[in-house]
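Trainee: Could you take me through one part of this structure up close, and then show me what else is worth a look around it?

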Amino acid sequence: MKKFTVLLLALTLAVGALFSGCVTLVEGGGSAEGSAFTVTDHGTVDIIGAETTTYTHDKTGARVIHVANDDKERAIVISFETPAMNDSGLPHVFEHATLGGSDKYPSEALFWAAIYQTYNTNINASTYNHMTCYYYSSMSDDQVLAMSDYLLDSVFHPLLMSEPNLFLRESWRYELADADAPLEVNGTVYSEMKGGNTIESAAYNNLLKTIYPNSPASNSSGGVPEAILTMTYQDTVDFHDTYYHPSNAVIFVYGDVEIKRYLALIGSYCDAYEPLDVYVEKGVVEPFTEPVAASFTFPMESDAVVEGSGIIHYAVNLGKVAPEDQGMLDLVSMVLSKPSSPVLNALREAVPHISASTGHNFTTAGDMLLVSGYGANEDDLETFKAAVDGALLDIVENGFDRDLVEATIAAERYYMMSINDSAGKGLTITTQMASMNAAGTGLEYWNNYMAGYENAQESYENGLLEQFILERVVTNPHNVITITVPAPGEKEGIDAALRAELDAIKEGMSDEEIADIVTTGQVLAESAVADAPVELVEKISAVTADSLPIEVNHYDVTTTEQDGVTFYTAQAEGGLSYTDVNLNTAAVGADELHYLKLYSYLVGKMPTVNYSTAELQTKTARYLNELAITPTGDVRYDFSFAPVFSVSWRSLNEDYADAAALVQELIVNTDLSDTVTLAGLLGQLQTSLRSSINSRPDSRIWYRGMASRYDAYAYLEFLNYAPYYEFTTRAIAELEADPEAFVEKLYAARAKIASKDGVTVIFAGNEETRNVFQECANVLLESLSDEPVVPADLSDIPVPGASEGLVVDASVQYNVAYASLDELGLEENGKTQVLMDLLTDAYTNPVIRNQGGAYGAWAVYARDGLALLTYRDPQVTATFDAFRSISEYTADHGLTQDDIDRYIISSFASQTVPVGQLTEAANAAQNLFRGWPEDYKETMLAEMKSVTPEDLTALSPYLAEIMETGYTGTAGGQAAILENQELYDAIIYAFGNESAAE
């Protein structure tokens, strides 16, 4: 997604497509009689060198847009405009249920079989506030065509229309283990949105409801948990009948495909329908006559840390910006989003403890310019608004800084060039086109985006940016500011009220009603584990395991040494380059690591000897793309690790010398003397860390499992997550008590990485830039000393225990069981990748997701070990019981070689997703540095193709051993962790608030 998207909504710029007239009639190529499409438009998507042809179905008006280029990763995207008319999450639930089978493909398990048993590089569906889309990509044209039939039948003839149990499984249902058990609520979307109902998502929803009151644009398309419970089965039936019609469909076919075959297939579905005038409520609101301010609370557990945890959103509704002004809004937004923009500078001065960002969003109700602040208190609201307003007025009066505008233009030029070096660019391009079209801004998003930047210099020089801000923002009364703050203790009250309500509902039930719920649960449990019929799986498959090509691109990597520094360089044609400088941090002990980590966070956010912070940030935006600066433990092929301070970036080739000089300035000359600014940044860091840990608790608890087995991961866990958060709390106190002493500790940590000894530098780019790179690297390294590095003792870095509960801010749980290959006695082999993917489809998904209500459940293979994971899971003990039973399924699976071959196909595809040349070249250099065998990927792919049913049986004892000798853990809210505390050897409080439980 484009980098200025807001939260989870893929909303960005576009303008309307031009109608070119009906010029060619395309018959349906053997489809139902009368099927025909007329060519109604020709165009281009210049950013990827594609030509577009729009075919309109004569009878229904369904549109098919072929985005044609020579990309061998083909794709289809089927989109419908689907407004969210309330907070029940109806569009989201229907998206889930749609893929639960169809008239032609009547199997609830077939969607998961499509993921894990077909030759795909991506398959999924997405719900937006204004659109739902279904998509699939593959390296095979035949495979995409086969899956297109499945997707088309699913959206037009879903099994849901005759199977209410699909609604109960995916939306919500009452559940009773038996007649005497307490009544519970379960459902996949219900569990998903309980986990997704964070303070961040709630704050953004609060903003939407304030700026677009009573509009579909203000509703949650995903669903709010309590509102989900108001949805009925009939609602989903009516929703399909209203919006899932060819007259409301826009279908994208991407890449090097035989388009006539797709038109024939799509036409065969459209022909069965009569044209329909589908009305889609856009929800445009009357402009406000004066600004609005509003405050909200978010329920959290009683142990929650509330100081500095609020979220401010300040937004201006621009109305629907005209196509000719879309590029202007895009440019203004991007300039304001740069760290050195006047708005963000003003906020740093006014509220230094708040982490601020800007962006823009497109909704059907209007286009929005947004400034957000994280880590706020209630009394920050007026100061925040005044700082933003003052900065915008200053822009109007004094204009933008020329260097900042030119830096923005250069950064966007890099972004446009990098699109072609990214994986899955076809889906990136087409889903964005679908989204912007559904938002009401047409299909020409990408060309207008490029045109906006081609005209950027002229717009700036003519004062059009400042004029836009004056007319559309500063003098616009339709603006709102909201703040959402945590309310500790409210969550327990809500949970208690739901428990009392459920108890009362059960008390009022008849014995027959109770028996019906128990029976329905049993029926759902049985259907949840049913396999997809083999004949249906074969029908959506178009590739055989034997035909899979083992084709791996190799790059020559040159290794040279100079003054203790090792260089790894790989050649990649094009206008971009990649560099990664790894300074040796072996001399940094455990007591200093967090200071070094903090230093890396401050780099670029504080001035240097030669530049102010604003100058530095403008130059960084201009020259250093995807800049990443951090100490890390660089994990080698043999799982040893090198403590390094990594500085990596990508740059335009013509800017390489300026980029390298700026890196040297950042590393060597950062000035930390302004302790007031430092204190504000430290507060922002703590807020950001908390949000990061809460956003993916599953990754954090899994990482702790790996850290319990490997020194490398223990080092990384200590450096980055809960231990680092704990450090920030101490650091805030240290800085306040003795600012000078604290700053000296930061400088002392930096001094320990200022040696050439053990430094490695990795580069990928064209031959001409490679010469510039070598010259610049020599200059950079001259600033380092020749002192040898004496490794510090790292033995006191803590190692997680065997079983842990991790307390985070969460309404649902995230469970993991993990064991290293070494402790299992299992040798690394590509076969295991296939087998664990198979178990995700055949066991964890049906048992833990479909039966247990978790949003996600996976069996995962990595070179370091085997893991069983759940995501947004309402269960704990039941999930661990399911983990224990996986070995029983594996021992008595009954699968044939034909079954196994289908899993080989999918797993193979997941390991061969194409990426650009620069990324491949950079990976080749990194792999050589880390000691990977040159033929590693070929060996793995060959092993994957050789899996047999006997291999799955042989895996059974290893899976049983995971729960016996491996690591087990749960991340979740305090109440859930304490309720299951007998499962854990230790309870870890991610945010250091365990006193609340005592």
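Mentor: Sure, let's start with strand 22, which covers residues 803-807. Keep in mind that this is a predicted model. In strand 22, 5 of the 5 residues are buried, so the strand is largely enclosed by the rest of the structure. Look at its two faces: Ser803, Gly805 and Val807 sit on one side, Glu804 and Leu806 on the other, and all of them are buried.

Now for the strands beside it. Strand 22 is joined to strand 26 (residues 967-972) by 5 bridges, and the two run parallel. To find the pairing by eye, look for Glu804, which stands opposite Gly969 in strand 26. Strand 22 also pairs with strand 27 (residues 986-989), again in the parallel sense, over 4 bridges. There, Gly805 is opposite Ile987. As a bit of background, strands of a sheet pair through backbone hydrogen bonds, either parallel or antiparallel.

For the antiparallel kind, go to another sheet region. Here 6 strands make an open sheet in the order 16-17-21-18-20-19, with mixed pairing. Strand 16 (557-562) and strand 19 (625-635) are at the edges with a single partner strand each, so one side of each has no neighbour in the sheet. From one strand to the next, the twist averages 15°. Strand 16 and strand 17 (residues 565-571) run antiparallel and are joined by 6 bridges. Gln562 is a handy marker, since you'll find it opposite Val565 in strand 17.

Helices pack on this sheet too. Helix 26 (residues 711-720) touches strand 19 and strand 20 (641-652), and its direction makes about 130° with that of strand 19. Helix 29 (residues 767-782) lies across strands 16, 17, 18 (576-584) and 21 (760-765), running at about 165° to strand 17.

Stay with helix 26 for a moment, as it makes a nice companion to strand 22. It is mostly covered, with 9 of its 10 residues buried. Among the buried ones are Ala712, Tyr713, Leu716, Glu717 and Phe718. The cover over them includes strand 19 and strand 20, along with helix 21 (590-602), helix 24 (675-695), helix 25 (697-707) and helix 27 (722-737).

Burial comes up again when you look at the nonpolar residues. In soluble globular proteins, nonpolar side chains tend to be buried together. The largest nonpolar core here has 123 residues, and those with the most contacts inside it are Leu110, Tyr150, Met836, Leu839 and Leu866. Helix 31 (residues 830-851) gives the most to this core, with 9 residues. A second, separate core of 83 residues includes Val603, Leu616, Ile629 and Leu869. Leu110 is a good one to click on: leaving aside its neighbours within four places in sequence, it is in contact with Tyr105, Tyr150, Ala532, Leu536, Val537 and Ile540.

Next, try comparing two helix pairs. Two packed helices are described by the angle between their axes and the distance between the axes. For helix 11 (residues 342-350) and helix 12 (residues 381-398), the axes come within 8 Å and cross at roughly 145°. On the helix 11 side, the contact has Pro342, Val343, Ala346, Leu347 and Ala350, and these meet helix 12 residues including Phe384, Ala387, Val388 and Ala391. The contact residues split into 11 nonpolar, 1 polar and no charged.

For helix 10 (residues 323-337) and helix 15 (residues 445-454), the axes come within 9 Å and cross at roughly 65°. Pro323, Gly327, Asp330, Leu331 and Met334 in helix 10 meet Asn448, Tyr449, Gly452 and Tyr453 in helix 15. This contact divides into 5 nonpolar, 3 polar and 1 charged.

Finish with a loop, the one between helix 6 (199-211) and helix 7 (225-228), where Ser215 lies. Ser215 has 1% relative accessibility, so it counts as buried. Not counting residues up to four places away in sequence, Ser215 touches Lys282, Gly283, Val285 and Ala365. Asn214 is found in the loop between helix 6 and helix 7 as well, but Asn214 is exposed, with a relative accessible area of 83%. Asn214 also has a phi near 60°, a positive value in a residue other than glycine.

Terms used: Residues numbered from 1 in each chain as written. Predicted model: local features only at pLDDT ≥ 70, side-chain atom pairs only at ≥ 80, totals over all residues. Heavy atoms only, no water. Core = buried A, V, L, I, M, F, W, Y, C linked by side-chain atoms within 4.5 Å. Buried < 20%, exposed > 50% of the residue type's maximum accessible area, 1.4 Å probe, protein only. Contact = heavy atoms within 4.5 Å. Pairing = 2+ DSSP bridges. Axes fitted to C-alpha atoms, helices over the stretch in contact; angles between N-to-C directions. Nonpolar A, V, L, I, M, F, W, Y, C, P; charged D, E, K, R; others polar.
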